[in-house]
Amino acid sequence: MSDLLARATEAVRAAGDDVGADAATALRVRRGLESRAKKGGVLAAIAAALGIASGGGVAWAIASGRLTIGGSHAEPAVVAAPIPAPAPLPAKHAVAHAMPSAPLAPILDEVKPVEPPKPRVDRLDVLYRHAHALHFHGDDPAAALAAWDDYLRAAPSGRFAAEARYNRALDLIKLGRYADARAALAPFADGSIAPRGYRHDEAIDLIDRLSTLEAPAGTP
Amino acid sequence: MTALDATLALAAETGSDEADLVERLRRGDRDAIAQTYVAYQVPIRAFARRLVGDPAAAEDIVHDTFLALPRAMRSYRGESPLRAFLIGVAVNHSRRHIRSAARRRKAIERMPAGPQAVDGALQMEQRRLAEKLWRALDAIPIDQRIAFVLCEVEQRTSGEAAAILDAPEGTIRSRVFHARKRLRELLGEDAR
């Protein structure tokens, strides 16, 4: 690269090194998501979320509440949750990016807090959440495994079947059931599971490592 | 570390926080978008700023990226890290902002007082050089520009850029090659 091009490239790189958080954009993102949710017909949830934000007294802090995008079951339910206030910006950013909170207050006041809607209870969702909680936040892999099996029995081709199968394999490893884990990981490694390629490399790596382990006595 | 420990560590790693976050994003879980915004806004903003050279347009790209995230997650298959996927979403939303930033730059150039739209963040010489390169980038095809920023400015490998842009690695290398060639010419012309 020519010297001038190299120096100019370095200068452009430095321009990106200099960015921080931006409260105004956080607010715009939140309002954009809320606007889409309004179109989906769940104004009540947004209003509840905004009510929380107003109570917090920080105009651009992102409030929590359940927002459904598009109103369709196929669409993911999106939630505007609290986006913490960014760390104070260096003085050099202050002028360019400062977002006064006062002008935003009327925007928030326009929406009156209402009773949030009761969440729709979906059996598969409950099963998945239960398994997910046990897997990621519990310390009993046997319970997590049983929960994943419950979910997969109920939804063998469900939206989260691939994730459930993969996490189930991880629980088998934790339980020392290496042969079962290898079998569970095989479809990921050979790419036969949908979506194709999901956890492919990790599965190959895990199978490779598992092959070096001896199965504990009493396991197949 | 025993083999079992290593395996468990790997298992824990592959079922890590990011995997958890991705699953929650796919489900539209409560805090997932906020968490993603907090975790990834700075690298997305840095990329956008380098790409367009205009703070306002960069913020628009950040905004569009996170607004598009719920829908974009449908196409995320977990083959690349979430951060790379988000950069890809940002790229997909950057084209019109690149054009509008270029138009703004041109308009500012025509002003008698010269470039004014600066945020004081860069030293004079660096800013002059950066502006010069952004003007040159305005004159090359957008695909070449994006490849150049990813590979030369952000110093990603052509493999990483290929994953972000969902394009063959050879194509990325070719775009960077042609971008460099043209930019050298443009900067040379500019210096004369």
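## Helices of chains A and B, in questions

Chain B of this predicted model has ten helices and zero strands.

Q: In what order do the elements of chain B run from the N terminus on?
A: With ten helices and zero strands in chain B, there's just one letter to write. From the N terminus on, the elements run α-α-α-α-α-α-α-α-α-α.

Q: What share of the residues of chain B count as buried?
A: Chain B has 192 residues to sort. To count as buried, a residue needs 20 or more other C-beta atoms within 10 Å of its own. In chain B, that comes to 47%.

Q: Among contacts in chain B between residues at least 6 apart in sequence, what percentage join residues at least 24 apart?
A: Contact here takes C-beta atoms within 7 Å. Among the chain B contacts between residues at least 6 apart, the share joining residues at least 24 apart is 67%.

Q: How far apart are the end C-alpha atoms of helix α3 of chain B, and what span should its 21 residues have?
A: Helix α3 of chain B covers residues 32-52. At 1.5 Å a residue, those 21 residues should span 30 Å. The two values agree, with the end C-alpha atoms of α3(B) separated by 28 Å.

Q: At which residue does α3(B) bend, and which proline follows within four residues?
A: The bend in α3(B) is about 55°. Its place is B:Tyr40, and the proline that follows within four residues is B:Pro43.

Q: Is α3(B) largely enclosed or largely open, and how many of its residues are buried?
A: Go by the burial count for the 21 residues of α3(B). The helix is largely enclosed by the rest of the structure, because the number of buried residues is 17.

Q: Which residue follows α3(B), and what is its phi near?
A: Just past α3(B) comes a glycine, B:Gly53. Its phi is positive, near 70°.

Q: Where is B:Thr65, and is it buried or exposed?
A: B:Thr65 sits in helix α4 of chain B, residues 55-72. The cut-off for burial is 20 or more other C-beta atoms within 10 Å. B:Thr65 has 27 C-beta neighbours inside that distance, so it counts as buried.

Q: Which residues does B:Thr65 touch, not counting those up to four places away in sequence?
A: B:Ile87 is 22 residues from B:Thr65 along the chain, with their C-alpha atoms separated by 8.4 Å. Leaving out residues up to four places away, B:Thr65 touches B:Ile44, B:Leu86, B:Val89, B:Ala90 and B:His93.

Q: How do α4(B) and α5(B) pack: roughly parallel or roughly perpendicular?
A: Helix α5 of chain B takes in residues 82-92, and its axis is 9 Å from that of α4(B), at an angle of about 115°. That angle makes the two helices roughly perpendicular.

Q: Is the crossing of α4(B) and α5(B) left-handed or right-handed?
A: On the α4(B) side, B:Ile61, B:Thr65, B:Ala68, B:Leu69 and B:Ala72 make the meeting. They face B:Leu86, B:Val89 and B:Ala90 of α5(B). As α4(B) passes α5(B), the crossing is right-handed.

Q: Which residues of α9(B) are buried?
A: Helix α9 of chain B spans residues 158-165, and six of these eight residues are buried, so the helix is largely enclosed by the rest of the structure. The buried ones are B:Ser158, B:Ala161, B:Ala162, B:Ala163, B:Ile164 and B:Leu165.

Q: What is phi of B:Gln155 near, and is B:Gln155 buried or exposed?
A: B:Gln155 is in the loop between α8 (142-153) and α9 of chain B. Most residues other than glycine have a negative phi. B:Gln155 has a positive phi, near 55°, and with 10 C-beta neighbours inside 10 Å it counts as exposed.

Q: Which residue follows α9(B), and what is its phi near?
A: This residue is in the loop between α9 and α10 (169-191) of chain B. With 12 other C-beta atoms within 10 Å, it is exposed. It is B:Asp166, whose phi is positive, near 55°.

Q: How do α7(A) and α8(A) run: roughly parallel or roughly antiparallel?
A: Over in chain A, the axes of helix α7 (residues 141-154) and helix α8 (residues 161-174) come within 9 Å and cross at roughly 155°. This crossing, a left-handed one, makes the two helices roughly antiparallel.

Q: Is A:Asn167 buried or exposed?
A: A:Asn167 lies in helix α8 of chain A. Its C-alpha atom is 8.3 Å from that of A:Leu145, 22 residues away in sequence. With 29 other C-beta atoms within 10 Å, A:Asn167 is buried.

Key: Residues are numbered from 1 along each chain as its sequence is written. Chains are lettered from A and ligands numbered from 1 in the order in which they are written. This is a predicted model: local features need pLDDT of at least 70, side-chain atom pairs count only at pLDDT 80 or more; totals for chains, interfaces and linings use all residues. The expected span of a helix is 1.5 Å times one less than its number of residues. The bend at a residue is the angle between axes fitted to the seven residues ending there and the seven starting there. Two residues are in contact if their C-beta atoms, placed from the backbone, lie within 7 Å. Axes are lines fitted to C-alpha atoms, for helices over the stretch in contact, and angles run from 0 to 180 degrees between N-to-C directions. Angles under 35 degrees count as roughly parallel, over 145 as roughly antiparallel, 65 to 115 as roughly perpendicular and the rest as oblique. A crossing is left-handed if the near helix is turned anticlockwise from the far one by less than a right angle, and right-handed if clockwise.
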